[in-house]
Amino acid sequence: SNCQHIETALPPERPKLPGSRYTLAFDIQVALNKFQWHLPLSRQVKIARTAGLTVTTQTLWGRTWAVARLLEPTWAALRTRVLDQPVVGADETRWRLLDGKRAKPSVIALTSDAGSYYTIADDKSAETIGAVLGDFAGWLVADCASNYAAVYDYRRELHEQAPERAPPPFRMGACWAHARRYFIKA
């Protein structure tokens with residue numbers, strides 16, 4: 001054998017998202033640091049700097065956005081899976097913007113035994129809630145807000161008029177914590 005000759009192999013190409021100079025592992029780590037560990041992008045920039053990597057918050061935001069786009073089919077499948085359950089809880093809350101000048105979007109949450117689905121919408125109107133619920137036909141547990149009641153009444157009325165063309169009606173269940181308020185008032 002010839003000890004003077006050592007063959008080395010190049011490391012395998014690491015997966016990257018199209019147009020990125022960063023690896024997919026880097027992109028995922030940035031997203032996990034931000035959303036799982038609550039590390040702001042500006043702090044991640046400082047951490048990267050201590051490791052010798054120069055990167056901007058805008059770059060990290062772009063990497064997070066790329067991961068979000070990559071996960072869109074999973075996010076849509078999760079919504080379907082949550083809404084396929086016989087009982088779904090729904091709630092929404094305003095997402096306050098720092099400038100205070102623009103419209104106030106809402107975070108809408110759907111939960112079931114299959115998991116939790118969140119989306120951000122421009123508002124929390126009955127039309128928006130109806131679109132998020134899609135063709136859901138089980139028990140919807142929600143607060144007594146008028147937007148849920150309006151969707152419920154609209155679907156029931158449509159179904160009575162034209163059952164073959166209307167989305168299926170769902171059944172309403174009141175959230176006990178919210179219903180308790182009305183008992184206390186009484």
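Colleague: In which sense do β4 and β5 run, and how many bridges join them?
Modeller: In this predicted model, tryptophan 139 stands opposite arginine 171 in β5. Strand β4 covers residues 139–142, and β5 covers 171–174. The two strands run parallel, and the number of bridges that join them is 4.

Colleague: Which residue of β4 is the bridge partner of valine 87?
Modeller: Strand β1 comprises residues 87–94 and pairs with β4 in the parallel sense. This pairing extends over 3 bridges. The bridge partner of valine 87 in β4 is tryptophan 139.

Colleague: Which side chains of strand β4 point to one face and are buried?
Modeller: The side chains alternate along β4. Trp139 and Val141 point to one face and are not buried. Those that point to the other face and are buried are Leu140 and Ala142.

Colleague: Which strands stand at the edges of the sheet?
Modeller: The sheet is open, its pairing is mixed, and its 5 strands follow the order β3-β2-β1-β4-β5. An edge strand here has a single partner strand, so one side of it is left without a neighbour in the sheet. The strands in that position are β3 and β5.

Colleague: By what angle are neighbouring strands of this sheet turned against each other on average?
Modeller: The sheet in question is the open one with the order β3-β2-β1-β4-β5. With direction ignored, its neighbouring strands are turned against each other on average by 25°.

Colleague: Which residue in β3 is the bridge partner of valine 107?
Modeller: Strand β2, residues 106–112, runs antiparallel to β3, and 7 bridges join the two. In β3, the bridge partner of valine 107 is isoleucine 120.

Colleague: How many residues does α3 give to the lining of the largest pocket?
Modeller: The largest pocket has a volume of about 950 Å³. Of the 25 residues that line this pocket, the closest to its centre are Phe35, Thr64, Ala68, Trp75 and Tyr118. At least two lining residues each come from α1 (24–35), α3 (57–70), α4 (72–83) and β3 (115–121). Helix α3 gives the most, and its number of residues is 7.

Colleague: How many residues of the lining of the largest pocket are nonpolar?
Modeller: The lining divides into three groups, of which the charged one has 2 residues and the polar one 5. The number of nonpolar residues is 18.

Colleague: How many residues apart in sequence are the parts that arginine 63 and aspartate 27 tie together?
Modeller: The side chains of arginine 63 and aspartate 27 meet in a salt bridge, at 2.8 Å from N to O. Arginine 63 lies in helix α3 and aspartate 27 in helix α1, so the pair ties together parts whose separation in residues is 36.

Colleague: Is aspartate 27 buried or exposed?
Modeller: Buried means under 20% relative accessible area. Arginine 63 has a value of 13% and is buried. Aspartate 27 has a relative accessible area of 0%, and therefore counts as buried.

Colleague: In which helix do aspartate 153 and arginine 156 both lie?
Modeller: These residues form a salt bridge, the closest N and O atoms being 3.7 Å apart. Aspartate 153 is partly exposed at 38% relative accessible area, and arginine 156 is partly exposed at 37%. They stand 3 residues apart, about one turn of the helix, and both lie in α6.

Colleague: What is the relative accessible area of arginine 165?
Modeller: Arginine 165 forms a salt bridge with glutamate 164, with the closest N and O atoms 3.9 Å apart. Glutamate 164 counts as exposed at 63% relative accessibility. Arginine 165 is exposed, and its relative accessible area is 70%.

Definitions and conventions. Residues are numbered from 1 along each chain as its sequence is written. This is a predicted model: local features need pLDDT of at least 70, side-chain atom pairs count only at pLDDT 80 or more; totals for chains, interfaces and linings use all residues. Side-chain values use heavy atoms; hydrogens and water are left out. On a 1 Å grid over the protein atoms alone, a cavity is a set of points where a 1.4 Å probe fits but cannot get out, and a pocket is an open set with protein on both sides within 12 Å along at least five of seven lines; lining residues have an atom within 4 Å of a point. Grid points are joined across faces, edges and corners, and a volume is the space filled by probe spheres set on the points. Ala, Val, Leu, Ile, Met, Phe, Trp, Tyr, Cys and Pro count as nonpolar, Asp, Glu, Lys and Arg as charged, and the others, Gly among them, as polar. A salt bridge is a side-chain nitrogen of Lys or Arg within 4 Å of a carboxyl oxygen of Asp or Glu. Buried means under 20% relative accessible area, exposed over 50%, partly exposed in between (1.4 Å probe, protein chains only). Two strands pair if DSSP finds at least two bridges between them. Axes are lines fitted to C-alpha atoms, for helices over the stretch in contact, and angles run from 0 to 180 degrees between N-to-C directions.
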